[in-house]
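This report covers strand pairing, nonpolar cores, one helix residue and the cysteines. Keep the structure in view while reading.

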Amino acid sequence: MDEMTRVAVDAMGGDNAPAEIVKGAVEAVNDNSKIKVYLTGREKEIERELGQYTYNKDQIEIVNATEVIETAEPPVMAIRKKKDSSIVVALNLVKNGKCDAFVSAGSSGAVLVGGQLIVGRIKGIERPPLAPLIPTETGCALLIDCGANVDARPSHLVQFAKMGSVYMESVVGIANPRVAIVNIGAEEEKGNALVKETFPMLKNCPEINFIGSIEARDIPTGYADVIVCEAFAGNIILKLYEGVGATLIKKVKAGMMTSLRSKIGALLVKPALKQTLKGFSLDEYGGAPLLGLNGLVVKTHGSSRAVEIKNSILQCVTFKEQKINQKIKDKVILKDE
């Protein structure tokens, strides 16, 4: 029998908890028999939600946690004081080896801090980056970092590039992924001090396929597979991506309802358009892994619905099966020593 992937899921985190979190967990186990989900949170509330669904009872287990870390709470203090919170309890399941991965739509700060304090960094990793997959014209790209390190150093960005390459090659299946650094122009001499110092280091790094700078307008075209930046720029790129995508979808839908002719046309193109727009939905790509930790930590949007929770859980299977952490140790840490 194939080994199960055990995923701790914060059932109380996010705007739509616990209903959408539980629904996503059920959909994940119904989709894949090699997953076992441990839902952490208030037992009675989780049981009530689970009662609505049919699923293999051996694949979902509730781990009671009486406290919830709210978004506005200071992350470090919350992690240290709320030992029985759904986030801390779940992270300890990963730390203690009972689970392989952790998924949460809860407080970003608490997940990032807890991941490093409780699960811990792989020895040799300077800063774990948050790395979501974002849709492009040709498929998807990894944006690394998008929220964990707003004051990164050049050596951090080089490690981000290496970890991102490992992830895209092993999880997404892109051979020799193209790596680019976010910049305000294509010329090597452009950029701020961080980019100017990092560029030659990436250029001289034999472990990656570095193709130079990438301007923000070229990200959606699929020009690069791994997009390297510090978290301040990365978070702005991600949020703008989300906002523009949502606005365009609304405008397209509104435009199709302006006249009888457009409504008839909309009816004809609806199946193809729905499939196309689905490819540009960030929900389809799951959450953002915090790479470089001793276990997998995945942060999903606070507004996540069941589909994103499901996909976040499913991506944990590939992460484990491809032995991403071991590959990071082999290709990032050992190469640096």
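Two strands count as paired if DSSP finds at least two bridges between them. The model discussed here is predicted.

**Strands**

Strand 5 (residues 133–136) pairs with strand 6 in the antiparallel sense, over 4 bridges. A hairpin of 2 residues joins strand 5 to strand 6. Within this pairing, Leu-133 stands opposite Leu-142 of strand 6.

Strand 6 also pairs with strand 9 (residues 226–228), here in the parallel sense and over 3 bridges. Leu-143 faces this partner, standing opposite Ile-227 in strand 9. Strand 6 (residues 139–144) is mostly covered, with 5 of its 6 residues buried.

**Cores**

The largest nonpolar core has 61 residues. Val-37, Leu-39 and Ile-313 have the most contacts inside this core. Helix 6 supplies its largest share, 8 residues. A second, separate core holds 41 residues, including Val-111, Leu-143, Cys-146 and Leu-293. Leu-143 thus appears both in this second core and opposite Ile-227 in the strand pairing.

Ile-313 touches Val-7, Val-9, Gly-24, Ala-25, Ala-28, Ile-35, Val-37 and Val-103, leaving aside residues up to four places away in sequence. One of these partners, Val-37, is also among the residues with the most contacts in the largest core.

**Ala-161**

Ala-161 lies in helix 6, which spans residues 154–172. Is Ala-161 buried or exposed? Ala-161 is buried, because its relative accessible area is 0%. Beyond residues up to four places away in sequence, Ala-161 touches Val-179, Leu-202, Ile-208, Val-226 and Val-228. Ala-161 and Val-179 are 18 residues apart in sequence, and their C-alpha atoms are 6.8 Å apart in space.

**Cysteines**

How many disulfides does the model have? The count comes to 0. A disulfide needs two cysteine sulfur atoms within 2.5 Å. The table sets out two cysteines against that cut-off.

| Cysteine | Closest cysteine sulfur | Sulfur distance | Relative accessibility |
|---|---|---|---|
| Cys-229 | Cys-146 | 8.2 Å | 4% |
| Cys-316 | Cys-99 | 10 Å | 2% |

Cys-229 forms no disulfide with Cys-146 because 8.2 Å between the sulfurs is too far for a bond. Cys-316 forms none with Cys-99, because their sulfurs, 10 Å apart, are also too far for a bond. Cys-229 counts as buried at 4%. Cys-316 counts as buried too, at 2%. Cys-146, the cysteine with the sulfur closest to that of Cys-229, belongs to the second core.

Key. Residues numbered from 1 in each chain as written. Predicted model: local features only at pLDDT ≥ 70, side-chain atom pairs only at ≥ 80, totals over all residues. Heavy atoms only, no water. Buried < 20%, exposed > 50% of the residue type's maximum accessible area, 1.4 Å probe, protein only. Contact = heavy atoms within 4.5 Å. Core = buried A, V, L, I, M, F, W, Y, C linked by side-chain atoms within 4.5 Å.
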